[in-house]
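Here's a quick tour of a protein structure, written for someone new to reading them. Keep the sequence and the 3D view open as you go.

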Amino acid sequence: MSEISSTLLYSAFIIYLFSTLFFSMSLSDKKSSEAAYTKKWGKVGFITACAGFAAQLGYFITRWIASGHAPVSNLFEFTTFFGMMMVLGFIVLYSIYRTNGLGVFAMPVALLVIAYASMFPKDISPLIPALQSDWLKIHVTTAALGEGILAISFVSGLIYLIRTVDQTVSTKKTKWLEIIMYSLISVVGFVIISLAFKGAGYESSFEVMNKQNQPVKIVYELPAIAGPANGDHLDRGFGPLFNTPSWMQGVNASMKLNTFIWSLLSGFVLYGLLRLVLRKRISAALQTKVKNVNSELLDEISYRAVAIGFPIFSLGALIFAMIWAQQAWSRFWGWDPKEVWALITFLFYAAYLHLRLSRGWHGEKSAWLCVVGFWIITFNLIAVNLVLVGLHSYA
Amino acid sequence: METIVCECGHSNPYGTSLCQACGKPLENDVEVLTSMRYEGSARRSQVYKKTIVDQVWNFFSSVKVGVWLIITILVAAAIGTIFPQVTFIPPNVDPATHYETEYGTLGKIYYLLGFHNLYGSWWFIVLLGLLGLSLIIASLDRGIPLYKALKTQRVTRHNKFLENQRLFSVSKEADLEEIKYTLGSLRYKVREENGNLFAEKGRFSRWGAYVNHVGLIIFLTGAMLRFFPGMYVDEIVWVREGETTSIPGTKDDNGQYYLRNNDFILEKYDKKDKKFNSALNSVEGDVAKNYQSNVTLFKSNKGTVIGEKGKLEKIKDGVIRVNEPLKFDSFALYQTDFKLDELNKMSFNLEDKTSGKSFGKLTVDLHEPETKYDLGNGYKVEILDYYPNFILNDQDEPATVNNLPDNPAFVFAMYSPQKPQGEKAFVGIMKNIDSGDNTLKMSFAGLETKDLTALTVKKDLTLWIIALGGFIFMIGVTQGLYWNYRRIWIKQNQGEVWAAAHTNKNWYGLKKDLEFLTEKTELTPLEDRVNSSEK
Ligand code: HEM
């Protein structure tokens, strides 16, 4: 069963790739945006996206059967699920607005999320007692669905910015856009580097003392740029160039920091290569592709995504989370960092709604806010586990 | 203040800018479209600006202030996650020094500003209070006048009101019945008056924001009620297997609850389990599968003196697991911690030191040891000193750390018919020291251990208020964000037919309705007079 499951996930990945391809064929840089082939390829792209979603749903169900619990209990499973919910969010918003441009960007971002997810250990893991709760499944899936839909507001906002930010001169805005592009490319870098060193079978070990003062071994799968705090290198592998500061306390924080540095470096190389080939800013190169997309519609979509996603997020990430916490830990709220960041996400989107409704923050301002919102969501998914300690650092 | 009487005959409260009934701008410089947000109603904050009360009201009713409050709380919460909160640092350290030694100067500043205990700090609670105040004032300021205006609105609207709407068209003629029918099929509620139509859909959604704010206020109130005595109990109780203990926090005039721990169970995943094999082998140590206490709940009768266990009445047997608390009355018991194999009883043989011949066996209850044990035939043992958790103190004298029998040690006096004056020995784990000329010896003869379970005793009478607040909040956001309030006006005006439309959000959806309407009828398609902005 678990083989079927991973095959299905793999197929979903490939199908999403095709969907991205079809959607990009639908973009026309000619004057008439209503060309027949635009409609045709858009339709093909959408059907493909739905097929990919079905395959991934198959993965989810078969893995559930194989493990006996909802597959949202470790980082691999949760992040994959988040990617799947992004696709679902896309499907919902595409059905309302039928904008092909959205697909060209939403599918690759979802692909990145899933590729990123698959770099984590994929073993089916048993549930510790605190996680054995139906409310946990309900909480995690609903929260991920909300986040997936909110992510679409980012995608739509991003296209809006690519389309409207003036690229003829270099400004703060063009720089920030490039930083976003660079961050996305770094995820690609991360995947490539991880696959490369995994393929080569690279390993290098350190010994450190844990909290109980017993020696434990940490095995790096990437050459150590950042070594563990107070660790002894056990072999003659590369590095480390410096030690992880000891206040980073998440599980395996040093290894995650090391991976993070590798992602930034490889992202840098990839980004540089792209710039060399394109001979202009990445967002400037993309701008010509999306100039026919209706910017008002993009603004509307990104707002609508927040309007749909916000209640679902509140329900899943706060209310269901509280019900579960009350049951598992006897208190519905414990100010655990992950909880606090869910609250921050909630407050941020509440502020977004108020600014938009009452202070007229539309268009570009609203699009930048959506970018920040997505940053907060990914920060909570990744960095909170990396640098902050807490109940959720199991993941 | 005096009311304003419109030409349509309706009298409006002072400060109204669009007549509640017909929508006529009541002053010359009124921007109809922007006033539509609150129907041009007379909001206190827009009308009264003189006294201090006015100014406080206006301050808190401002969305700008509201957003600043939200952002301030957000930023404070984010800073509060940089270093662990005081509840997450080791229990035995002093926070005043801990933050500085662990995190340097930044840690010290963090501590001094109170970020280490953010959610208990007075300024964070004040911020939440201000947020609540702002929510109440902003909602009253808008909600009430809006409600009155929407209730009073008439079918026939003033020309100025219609022609200044964002979506508007003039048609030569149109079949009213056809329009009515089409609007009905789009599930609009249509009213007719003198040959004019007013169609509306989803008015309830206009209350969404107010409903969700009410939910938030109830939620915040619930969270604050926790600080009132009697609303909240949070205790921890340790119970040994086989023992019955009173449950702290559960005493009232009708007696008190007691709990017996029948058995504590710890289950681990089998490393050889096929399903989880590789995940289990990638971690060191075992992975827990279940923490469980099998318990029996008792209640003492009225007037029972504490410690008098004879009069306990059994209430029920129960199982407590993580995620499955045991509930009774307004209390719940949660599996929180445990301690395995605490020493409970120790047995010794009294032996002849050289031949090893036994003269009898005794068992010491490590929690309530007896002082004398008579083994018969003139053999006796006395406990002169007992150190449950033995250490040598600074002066190299035997002492005990606490009352937990983690490392028990005894000074025994042993008596035999031959030595009625007794012989002394110091006996502990792996220790047996005497003066050297003893004839008798206490030899270790077995050990009994027991598990302990730790349960959190919780009573939280605020829970239902918080749940209610959350529930109302969810209704409110859904109602306000998944629906919207669309209105379409049709007016017969000197041989022409005027059509205008408005929605509080989702103009895209409204335009789709209008496209359908103008396709099915002879109405001229409505023109959008605002190109960008205002969605
Ligand atoms: C965490 C706190 C808050 C949350 C979660 C929240 C939530 C919301 C939501 C979901 C809406 C509806 C938005 C929309 O329909 O697009 C709304 C509207 C609104 N909120 Fe809040 N809000 C909060 C705090 C505040 C505060 C402090 C104020 C004070 C000024 C405020 C004033 C308003 C106003 C004036 C509206 C528009 C109402 C209308 O147009 O009828 N909110 N709020």
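## Around the ligand

In this predicted model, helix α10 of chain A gives the most to the shell around the ligand, a total of six residues. Chain B joins in too: α4 (63–79), α6, α9 and α11 of that chain, like α10 of chain A, each supply at least two residues. That fits with where the ligand sits, between chains A and B. Sort the shell by residue type and you get 18 nonpolar, six polar and four charged residues.

Which of the 28 residues around the ligand come nearest? They are A:H354, B:R37, B:Y210, B:H213 and B:K505. Let's zoom in on some of these. B:K505 has a polar side-chain atom 2.3 Å from an oxygen atom of the ligand. For B:Y210, a polar side-chain atom is 2.6 Å from a ligand oxygen, while B:H213 places one 2.8 Å from a ligand nitrogen.

## Helix α9 of chain B

Now follow the helix at residues 208–225 of chain B, α9. Its 18 residues reach 26 Å from the first C-alpha to the last, close to the 26 Å expected at 1.5 Å a residue.

Its buried residues are B:G208, B:Y210, B:N212, B:H213, B:G215, B:L220 and B:G222. Two of these names, B:Y210 and B:H213, should ring a bell from the list of residues nearest the ligand. What covers the buried residues of this helix? The cover includes α10 (337–358) of chain A, plus α6 (122–152) and α11 (463–482) of chain B.

## The nonpolar cores

In soluble globular proteins, nonpolar side chains tend to be buried together. Here, the largest nonpolar core has 150 residues, and A:F90, A:L93, A:V155 and A:F310 touch the most other members. Helix α9 of chain A (residues 295–329) gives the most to this core: 18 residues. Apart from it there's another core, of 20 residues, with B:F348, B:V364, B:V381 and B:A425 among them.

Take A:F90 as an example. Setting aside neighbours within four places in sequence, its contacts include A:F23, A:F46, A:L102 and A:I152.

## Out on a loop

Is B:D437 buried or exposed? It's exposed, because its relative accessible area is 58%, and the cut-off for exposed is over 50%. You'll find B:D437 in the loop between strands β20 (431–434) and β21 (440–460) of chain B.

B:D437 still has company: not counting residues up to four places away in sequence, it touches B:K419 and B:E423. The C-alpha atoms of B:D437 and B:K353 are separated by 9.8 Å, though their positions lie 84 residues apart along the chain.

Terms used: Residues numbered from 1 in each chain as written. Chains lettered and ligands numbered in written order. Predicted model: local features only at pLDDT ≥ 70, side-chain atom pairs only at ≥ 80, totals over all residues. Heavy atoms only, no water. Helix = DSSP H or I, 4+ residues; strand = E, 2+ residues; numbered from the N terminus. Expected span 1.5 Å × (residues − 1). Buried < 20%, exposed > 50% of the residue type's maximum accessible area, 1.4 Å probe, protein only. Contact = heavy atoms within 4.5 Å. Core = buried A, V, L, I, M, F, W, Y, C linked by side-chain atoms within 4.5 Å. Near = heavy atom within 4 Å. Polar contact = N/O pair within 3.5 Å; in protein donor to acceptor, adjacent residues only side chain to side chain. Nonpolar A, V, L, I, M, F, W, Y, C, P; charged D, E, K, R; others polar.
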